[in-house]
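Hi,

Here is the structure I promised to pass on to you. Have a look at it first, and then read on for what I found in it.

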Amino acid sequence: MNTSYSIHLSLKRSSLLYEIEMDSYLVGETMQTDDYKQRSNIEDVGEVGRVDKITLCMEKSWNELLHKLSPYIGERLCAEVSVDDSFIARESYDVTIRVPVGFSKCHSDVVCNSMHSYLVNRTLFYWFGIVKRDECDRYFNYSEEDIHRLNGYLNHRIGPIRIHQHPF
């Protein structure tokens, strides 16, 4: 009897970058300052030199997310594993997650949205750690709320499992 299913989730880098750019732009616009250089450092996330730093922050956030979801990811190590620290800008972040048999299909979207939100907020946490430290706590708390919600979604079932007893 199959006790688990799996869902494949793919988060597009372009949509993650778009939301990161929008959030950082809004933070820069709401600053109570006339210092346009400081405002520009916050708002211009998508510029040529800065997008590489954002990508590194996004990779770090992605690896943290995979670590936090490791009980749900069924990948086991082979005999040999090779890891390097080369810089690669992915087009998408893909993962396959194991879910219980009673897992509802409509939960797949909220799991994907929570992962997206976690990556955006955690990346902004790292970015604001560089350019605007007073925003760090807010985005750290957002990302922790996202991971808490994500774990709740992954553990949710349609209803309680009923074991029918047939004594005879």
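Of the contacts in the chain with a separation of 6 or more, 81% are between residues 24 or more positions apart. Please keep in mind that this is a predicted model. The chain has 168 residues, and 39% of them are buried. You will find five helices and two strands, and from the N terminus on they follow the order β-α-α-α-β-α-α.

A good place to start is a pair of helices. Helix α1 covers residues 13-29 and helix α3 covers residues 48-68, and their axes come within 12 Å of each other, crossing at roughly 110 degrees. Angles of 65 to 115 degrees count as roughly perpendicular, so α1 is roughly perpendicular to α3. The crossing of α1 past α3 is right-handed. Which residues make the contact? On the α1 side they are Arg 13, Leu 16, Leu 17 and Ile 20, and on the α3 side Val 51, Ile 54, Thr 55 and Met 58. Sorted by class, the contact of α1 with α3 consists of six nonpolar residues, one polar and one charged.

Next, the charged pairs. Side chains of opposite charge can pair when their charged atoms come close. How many salt bridges does the structure hold? There are eight, and I will take you through some of them.

One of them joins Arg 90 to Glu 59, with 2.9 Å between the closest N and O atoms. Arg 90 sits in the loop between α3 and β2 (92-100), while Glu 59 belongs to helix α3, so this pair ties together parts that are 31 residues apart in sequence. The two partners also sit in different classes of accessibility: Arg 90 is partly exposed, at 29% relative accessible area, whereas Glu 59, at 14%, counts as buried.

Another salt bridge links Asp 134 and Lys 132, where the closest N and O atoms are 3.0 Å apart. Here Asp 134 is exposed, with a relative accessible area of 58%, and Lys 132 counts as buried at 11% relative accessibility.

Then there is the pair of Glu 135 and Arg 138, whose side chains meet in a salt bridge at 3.3 Å, N to O. Is Glu 135 buried or exposed? Glu 135 is buried, with a relative accessible area of 8%, while its partner Arg 138 counts as partly exposed at 41% relative accessibility. Salt bridges with shared partners also join Glu 64, Lys 68, Arg 122 and Glu 144 into one network.

Finally, please take a look at Asp 94, which has its place in strand β2. Asp 94 counts as partly exposed, with 37% relative accessibility. What does Asp 94 touch, leaving aside its neighbours within four places in sequence? Asp 94 is in contact with His 8, Leu 9, Ser 10 and Trp 62. The C-alpha atom of Asp 94 is also 8.7 Å from that of Lys 12, although these two residues are 82 residues apart along the chain.

If you would like to follow this on screen, you could begin with the crossing of α1 and α3, go on to the salt bridge of Arg 90 and Glu 59, and end at Asp 94 in strand β2.

Enjoy exploring, and write back any time.

Best wishes

Definitions and conventions. Residues numbered from 1 in each chain as written. Predicted model: local features only at pLDDT ≥ 70, side-chain atom pairs only at ≥ 80, totals over all residues. Heavy atoms only, no water. Axes fitted to C-alpha atoms, helices over the stretch in contact; angles between N-to-C directions. Helix = DSSP H or I, 4+ residues; strand = E, 2+ residues; numbered from the N terminus. Parallel < 35°, antiparallel > 145°, perpendicular 65-115°, else oblique. Left-handed = near helix turned anticlockwise from the far one by under 90°. Contact = heavy atoms within 4.5 Å. Nonpolar A, V, L, I, M, F, W, Y, C, P; charged D, E, K, R; others polar. Salt bridge = Lys/Arg side-chain N within 4 Å of Asp/Glu carboxyl O. Buried < 20%, exposed > 50% of the residue type's maximum accessible area, 1.4 Å probe, protein only.
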